[in-house]
Structure formats: C-alpha cells, structure tokens
Amino acid sequence: MGTHDLNYAIYAQAGDWAHAMTPWQASFFNAPLVGFETSQHDGTLGKECSLVKLNTHKVDIMAFKKADESDYYIVRFNELYGKNAAGVSVSFPGKIIDAYEVNGQEVKTGDANFTNGTLNFDMTKFLIRSFAVRFEKPM
C-alpha cells in the first residue's frame, strides 16, 4: 500500500562498533549536513562560528530548541557507547547567564555548572540529560 523509500548503508570498520564510532556514522547518514553559500558580509563572529560544540565524541546532542514556556533554550544530550563520560564541556557562541537541569517536561530538577559560554557536566552510561540554558542578549 503506497510507496516506501528505504535507505541503507554498509559501513566497513576495523574493531568493534564503539571503536569505529558507529553511532556517529549513523547520525551522518541519517541527518546529513546541508551546505549553502552566502555573499561576504561584515560580522562580529569572524569567518567561523559553531552554534554548539562538544569536547567529546562519547556524547551526542539530541535536541536544541526554544523552551516551551520561557526565554531559555533546551539542550538534550545522550551518552552513546554505554560507558561513563566524565568532563563533558559544551560551548556556545553566547555567554550563558543562567542554566539548570530539567526533565523531559522542562521542569527544573537540579543546578548546572556553567562558565561564560560553556556548560560542564558528567554522563553515566546511556544516560539522557537535559538542560535549560539562558544566554545574554546580543548587543
């Protein structure tokens, strides 16, 4: 009934799935980057800027969205390899002025460790953690 399109990929690797970073390869396949060109223009960010930057490949960003009922943003992370990930740092281009941990309904569940544009936390195996982050308004 109807037409179904399926995509599949074969990924050769040495070693086990974790060593080959298979979750990342699957992410690249399922959600490829889309490039675009723009004209040169002045700006304060320079030639390169990342919306979100992780310091480890052991954790992935599941969501980055505007909070439902506030001027915060919700950032959701998950640990990918079934192992603890200590010292996770997440950088943003803007200065964080407030942050706290939330549950799936965006209700505050705890405090968060942040400095300027960096959010810092630890993950245990297969854990999902979510944070509400408020940024300084750009000038």
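Student: What share of the 139 residues of the protein chain counts as buried?
Tutor: In this predicted model, 27% of the 139 residues count as buried. To be called that, a residue must have a relative accessible area under 20%.

Student: How much accessible surface does the protein chain have, and what part of that surface belongs to carbon and sulfur atoms?
Tutor: The chain's accessible surface comes to about 10,400 Å², and carbon and sulfur atoms account for 53% of that area. The C-alpha atoms fill a box of roughly 45 × 45 × 40 Å along the principal axes.

Student: Since you are working from a prediction, how confident is the predictor across the protein chain?
Tutor: The mean pLDDT is 89, and 99% of the residues score at least 70. Among the elements, β6 has the highest mean, 97, while helix α1 (residues 22–30) has the lowest, 81. As a general caution, where pLDDT is low, predicted coordinates should not be read in detail.

Student: Which elements make up the protein chain?
Tutor: One helix and nine strands. Along the sequence the pattern reads α-β-β-β-β-β-β-β-β-β.

Student: What makes β3 and β9 a pair of strands?
Tutor: Pairing takes at least two bridges between the strands. Strand β3 (residues 73–79) and strand β9 (residues 128–135) are joined by six bridges, so they meet the criterion. They run antiparallel. Tyr73, for instance, has Val133 as its bridge partner in β9, and Val75 has Phe131.

Student: And which strand is joined to β5 by three bridges?
Tutor: That is β6, which runs antiparallel to β5. Three bridges satisfy the two-bridge minimum, so this also counts as a pair. Here Val102 stands opposite Lys108 in β6. The hairpin of β5 and β6 has five residues between the strands, and Glu106 takes a positive phi near 65° there.

Student: How is β5 joined to β9?
Tutor: Six bridges link β5 (residues 96–102) to β9, again antiparallel. Among the partners in β9, Ala132 goes with Tyr100 and Phe131 with Glu101. Phe131 is also the bridge partner of Val75.

Student: In what order do the five strands of the open sheet lie?
Tutor: The order is β2-β3-β9-β5-β6, with antiparallel pairing.

Student: Why are β2 and β6 called edge strands?
Tutor: Each of them, β2 (59–66) and β6 (108–111), pairs on one side only. From one strand to the next, the twist averages 30°.

Student: What makes β9 mostly covered?
Tutor: Six of the eight residues of β9 are buried. Strand β5 is mostly covered as well, with five of its seven residues buried.

Student: How many aromatic pairs are found in the whole structure?
Tutor: The search finds nine.

Student: Why is the aromatic pair of Trp17 and Tyr81 called stacked?
Tutor: Two cut-offs matter: ring centres must lie within 6.5 Å to pair, and planes under 30 degrees apart count as stacked. For Trp17 and Tyr81, the centres are 5.8 Å apart and the angle between the planes is 25°. Both values pass, so the name fits. The pair links distant parts of the chain: Trp17 belongs to the segment before α1 and Tyr81 to the loop between β3 and β4 (85–91), 64 residues apart.

Student: Are the two rings' residues buried or exposed, Tyr81 at 10% and Trp17 at 42%?
Tutor: Tyr81, at 10% relative accessibility, counts as buried, because that is under the 20% limit. Trp17 has a relative accessible area of 42%, which makes it partly exposed, a class that runs between 20% and 50%.

Student: Why is the pair of Phe121 and Phe131 called tilted?
Tutor: Their centres are 4.9 Å apart and their planes meet at 40°. An angle that is neither under 30 nor over 60 degrees counts as tilted, so that is the verdict here. Phe121 lies in strand β8 (residues 118–123) and Phe131 in strand β9, so the pair ties together parts ten residues apart in sequence. Both residues are buried.

Student: Which residues do ring pairs link into a cluster?
Tutor: Phe64, Tyr73, Phe92 and Phe135. You have met Tyr73 already, as the bridge partner of Val133.

Note on methods: Residues numbered from 1 in each chain as written. Predicted model: local features only at pLDDT ≥ 70, side-chain atom pairs only at ≥ 80, totals over all residues. Heavy atoms only, no water. Helix = DSSP H or I, 4+ residues; strand = E, 2+ residues; numbered from the N terminus. Axes fitted to C-alpha atoms, helices over the stretch in contact; angles between N-to-C directions. pLDDT = per-residue confidence, 0-100. Buried < 20%, exposed > 50% of the residue type's maximum accessible area, 1.4 Å probe, protein only. Areas by Shrake-Rupley, 256 points an atom, 1.4 Å probe, with all protein chains shown as cover. Phe/Tyr/Trp six-rings, centres within 6.5 Å; stacked < 30°, edge-to-face > 60°.
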